[in-house]
Amino acid sequence: MVNTLDKTFLEKSSWKPDLFKGKVGFVTGGAGTICRVQVEALVLLGCKVAIIGRDHEKTERVAKEISSLVDNPDAVLPISKVDVREVKQLESAVKRTVDRYGRIDYVIAGAAGNFICDFNHLSANAFKSVVSIDLLGSFNTAKATMPELIKSRGSILFVSATFHYYGVPFQSHVGAAKAGIDALSNALAVEMGPFGVRSNCIAPGAIQGTEGFDRLIGDASKKKTTSKIPLQRLGTTEDIAQATVYLFSPAASYVSGTIQIVDGAMWHIGTHFAHELYPDLLFKDPKAKL
């Protein structure tokens, strides 16, 4: 995957160049399709960023690609072979980031996993895996980075979803995990606010060209999916990046404890799972998630 954004982002966006000059970001899942574009935007606006991932080759490659946007090989620090379920590994990643850049101002907890599965075919191990990566991983990310965020009076952003606002079929695992993330973020906004730290969530909708969209929508017609979105278009990774920049920017200095939904109002209408898969898929025999 090549970069989604380029230097024209600075010309066409509402943000002034060097908005984040002198700032440092720390992003788990930073090589993924959504989080990498969040990183691209931060870097184009002057931020240095550490991207945290498990796959060494992918993390190294993405770091080089994003660094090329600003012709600075030091713009992005790749830190690979990190499992967000292990807080000690994240603490080590934080130390490497601070050793390189001196501080951490912005954190994105973006490592996640998801798949389609109904409750009857969902094993306890599969449920635990999603909750561990999404919810425990988010807690560990916050826990490891919070001392630095207190020093910088920084901000943390959790990548959530809209699958727990009502009963969404085939998503009980991720709905439970994301509900926990929202609750965690809200609690941190209250507890860490007196220390000057802001905490928010961002909840993407149907974002085209992402791993999650391709996996969850499957063979469904994009046109049919789009017709169910009030704004009548699929979201883009740049939509998420723009909202991310806002939430980290001085424009949002009084915004904390919120969930920024970026889905074109789709969740009000219902999900692809409810429209296209429910209830027929419940009576089929898909492979159980182990």
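## The main core

Let's start on the inside: the largest nonpolar core has 40 residues, and Phe20, Val49 and Ile108 are the ones with the most contacts inside it. Six elements each give two or more residues to this core: helix 2 (33-44), strand 2 (48-52), helix 3 (56-67), strand 4 (106-109), strand 5 (155-159) and helix 9 (237-248). Helix 2 gives the most, with 8 residues. Keep in mind while you look around that this is a predicted model.

Why might you expect a core like this at all? In soluble globular proteins, nonpolar side chains tend to be buried together.

## A second core

There is also a second core, separate from the largest one, and it has 29 residues. Phe26, Val82, Leu184 and Met192 are among them.

## Following isoleucine 108

Which residues does isoleucine 108 contact, once its neighbours within four places in sequence are left aside? The list is Phe26, Val27, Thr28, Cys35, Gln38, Leu42, Leu157, Val159, Thr244 and Phe248. Try picking out isoleucine 108 in the structure and hopping from one of these partners to the next.

One of those partners, threonine 244, is worth a stop. Threonine 244 sits in helix 9. Is threonine 244 buried or exposed? Its relative accessibility is 1%, so threonine 244 counts as buried, the cut-off for buried being under 20%. Skipping residues up to four places away in sequence, threonine 244 touches Gln38, Ile108, Leu157 and Ile202. Gln38 and Leu157 turn up in the contact list of isoleucine 108 too.

## Checking the cysteines

Cysteine 35 is another contact of isoleucine 108. Cysteine 35 has a relative accessible area of 4%, so it is buried. Cysteine 117 is buried as well, because its relative accessible area is 5%.

How many disulfides does the structure hold? The count is 0. For cysteine 35, which is in no disulfide, the nearest cysteine sulfur belongs to cysteine 201 and is 13 Å away. A pair of cysteine sulfur atoms has to be within 2.5 Å to count as a disulfide. As a reminder, a disulfide is a covalent bond between the sulfur atoms of two cysteines.

## The second largest pocket

Now for some empty space. The second largest pocket holds about 200 Å³. It is lined by 15 residues, and Tyr106, Arg153, Arg198, Phe248 and Pro250 are the closest to its centre. Sorted by class, the lining has 5 nonpolar, 6 polar and 4 charged residues. You have met Phe248 already, as a contact of isoleucine 108.

Arginine 153, another of the residues closest to the pocket centre, has its own quirk. Arginine 153 is not a glycine, yet its phi is positive, near 55°. You'll find arginine 153 in the loop between helix 5 (124-152) and strand 5. With a relative accessibility of 57%, arginine 153 counts as exposed, since the cut-off for that is over 50%.

## A closed-off cavity

How many cavities of 30 Å³ or more does the structure hold? There is 1. The largest cavity contains about 60 Å³ of space. Its lining has 10 residues, with Lys224, Thr225, Lys228, His272 and Glu276 closest to the centre.

Helix 8 (222-227) and helix 11 (272-277) each supply at least two residues of this lining, and helix 11 gives the most, with 3 residues. By class, the lining has 2 nonpolar, 5 polar and 3 charged residues.

## Backbone details and the start of the chain

Past helix 11, take a look at proline 279, which is found in the segment after that helix. Tyrosine 278 and proline 279 are joined by a cis peptide bond, with omega about 0°. Glutamine 232, in the loop between helix 8 and helix 9, is a residue other than glycine with a positive phi, near 60°. Its relative accessibility of 48% means that glutamine 232 counts as partly exposed.

Finally, aspartate 6 lies in the segment before helix 1 (8-12). Aspartate 6 is partly exposed, with a relative accessible area of 37%. Leaving out residues up to four places away in sequence, aspartate 6 touches Leu44 and Leu69. How far is its C-alpha atom from that of tyrosine 254, 248 residues apart along the chain? The separation is 30 Å.

How values were computed
Residues are numbered from 1 along each chain as its sequence is written. This is a predicted model: local features need pLDDT of at least 70, side-chain atom pairs count only at pLDDT 80 or more; totals for chains, interfaces and linings use all residues. Side-chain values use heavy atoms; hydrogens and water are left out. A nonpolar core is a set of buried Ala, Val, Leu, Ile, Met, Phe, Trp, Tyr and Cys residues joined through side-chain atoms within 4.5 Å. Buried means under 20% relative accessible area, exposed over 50%, partly exposed in between (1.4 Å probe, protein chains only). Helices (H or I, at least four residues) and strands (E, at least two) are DSSP runs, numbered from the N terminus. Contact means heavy atoms within 4.5 Å. On a 1 Å grid over the protein atoms alone, a cavity is a set of points where a 1.4 Å probe fits but cannot get out, and a pocket is an open set with protein on both sides within 12 Å along at least five of seven lines; lining residues have an atom within 4 Å of a point. Grid points are joined across faces, edges and corners, and a volume is the space filled by probe spheres set on the points. Ala, Val, Leu, Ile, Met, Phe, Trp, Tyr, Cys and Pro count as nonpolar, Asp, Glu, Lys and Arg as charged, and the others, Gly among them, as polar.
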